[in-house]
Amino acid sequence: MELWKEEQADFERRLSLWKKQCYTLSAYAGKELLGVHIAMNDVPRKTIYYFGCWWDRKYRNRSVPTFLLKKDIERAIGNGVKYYDLEVGDEPYKRQWGVVRKLTKYYAILPAEMAEYLEIPRYIKMPSSIRKI
């Protein structure tokens with residue numbers, strides 16, 4: 001635990017989650033490892049969360065990460081997964097899969113006095129009809 005400066009209980013909790021929900025897909029050329037795709041399956045939400053791909057850069061012309069991502073999306077569709085979440089970011093490879101963009105900003109409603117106290121530079125004053133809720 002010294003390497004990550006982490007308590008044993010926290011490490012065991014993360015390891016348990018990994019064992020239950022995370023998985024990898026690997027690509028080989030013979031016995032040589034070309035890349036490893038990492039994702040997590042959230043069964044109750046029918047969602048796969050893509051974490052990333054490690055790949056050997058000397059094979060960059062073989063599109064190993066894209067190949068593994070394609071295979072995992074095909075597998076997810078075959079298993080009835082509803083969503084495949086490519087996580088945050090606007091990398092070009094994320095747009096080639098027929099992406100449905102989701103709102104990623106969250107808003108908080110608070111009194112103007114609190115916004116001023118927290119030094120929030122911009123806030124929208126709500127009409128009085130809405131404030132009565």
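This briefing describes the fold, cores, polar contacts and salt bridges of one protein chain.

The structure is a predicted model, in which local features need pLDDT of at least 70 and side-chain atom pairs count only at pLDDT 80 or more, while totals for chains, interfaces and linings use all residues. Residues are numbered from 1 along each chain as its sequence is written, and side-chain values use heavy atoms, with hydrogens and water left out. The protein chain has five helices and four strands; these are DSSP runs numbered from the N terminus, with helices being H or I of at least four residues and strands being E of at least two.

**Overall fold**

- From the N terminus on, the order of elements in the protein chain is α-β-β-β-α-β-α-α-α.
- Of the 133 residues in the protein chain, 23% are buried; buried means under 20% relative accessible area, exposed over 50%, and partly exposed in between (1.4 Å probe, protein chains only).
- Contacts, defined as heavy atoms within 4.5 Å, include a long-range share: among those in the protein chain between residues at least 6 apart in sequence, 40% join residues at least 24 apart.

**Nonpolar cores**

- A nonpolar core is a set of buried Ala, Val, Leu, Ile, Met, Phe, Trp, Tyr and Cys residues joined through side-chain atoms within 4.5 Å.
- The largest nonpolar core has 10 residues, namely Tyr-23, Ala-39, Ile-48, Tyr-50, Leu-69, Ile-73, Ala-76, Val-81, Tyr-84 and Leu-86.
- Two or more residues of this core come from each of β3 (47-55) and α2 (64-78), and α2 gives the most, with three residues.
- Another core, of six residues, lies apart from it and includes Leu-34, Trp-55, Tyr-59 and Val-64.
- Ile-48, a member of the largest nonpolar core, is in contact with Tyr-23, Ala-39, Met-40, Asn-41, Asp-72, Arg-75, Ala-76, Val-81, Tyr-83, Tyr-84 and Asp-85, leaving aside its neighbours within four places in sequence.

**His-37 and its surroundings**

- His-37 belongs to strand β2 (residues 32-42) and counts as buried because its relative accessibility is 0%.
- The side chains of His-37 and Tyr-84 are joined by a polar contact of 3.1 Å. Such a contact is a pair of N or O atoms within 3.5 Å; within protein, one must be able to donate a hydrogen and the other to accept it, and residues adjacent in sequence count only if both atoms are side-chain atoms.
- Leaving aside neighbours within four places in sequence, the contacts of His-37 include Tyr-23, Tyr-50, Leu-69 and Tyr-84, and these four residues are listed in the largest nonpolar core.
- Asp-72 is also in contact with His-37.

**Salt bridges**

- A salt bridge is a side-chain nitrogen of Lys or Arg within 4 Å of a carboxyl oxygen of Asp or Glu, and the count comes to five salt bridges.
- Arg-45 and Asp-42 meet through their side chains in a salt bridge (3.2 Å, N to O). Arg-45 is exposed, with a relative accessible area of 56%, whereas Asp-42 is buried, at 9%.
- In the salt bridge between Arg-75 and Asp-72, the closest N and O atoms are 2.9 Å apart. Because they are three residues apart in helix α2, Arg-75 and Asp-72 are separated by about one helical turn.
- Arg-75 is partly exposed at 29% relative accessibility, whereas Asp-72 is buried at 0%.
- Lys-70, Lys-71 and Glu-74 are joined into one network by salt bridges that share partners.
- Within this network, Glu-74 forms a salt bridge with Lys-70, with the closest N and O atoms 2.4 Å apart. Glu-74 and Lys-70 are four residues apart in helix α2, so about one helical turn separates them. Glu-74 is partly exposed at 37% relative accessibility, and Lys-70 is partly exposed at 36%.

**Further local features**

- Arg-57 lies over the face of Trp-55, at 4.0 Å from the ring centre; a charge sits over a ring if NZ of Lys or CZ of Arg is within 6 Å of the ring centre and within 35 degrees of the ring normal.
- Glu-12 lies in helix α1 (residues 8-21) and is partly exposed at 44% relative accessibility. The side chains of Glu-12 and Gln-8 make a polar contact (2.7 Å).
- Arg-62 is located in the loop between β3 and α2 and is partly exposed, with a relative accessible area of 49%.
- Arg-62 and Leu-34 are 28 residues apart in sequence and 9.3 Å apart in space, C-alpha to C-alpha.
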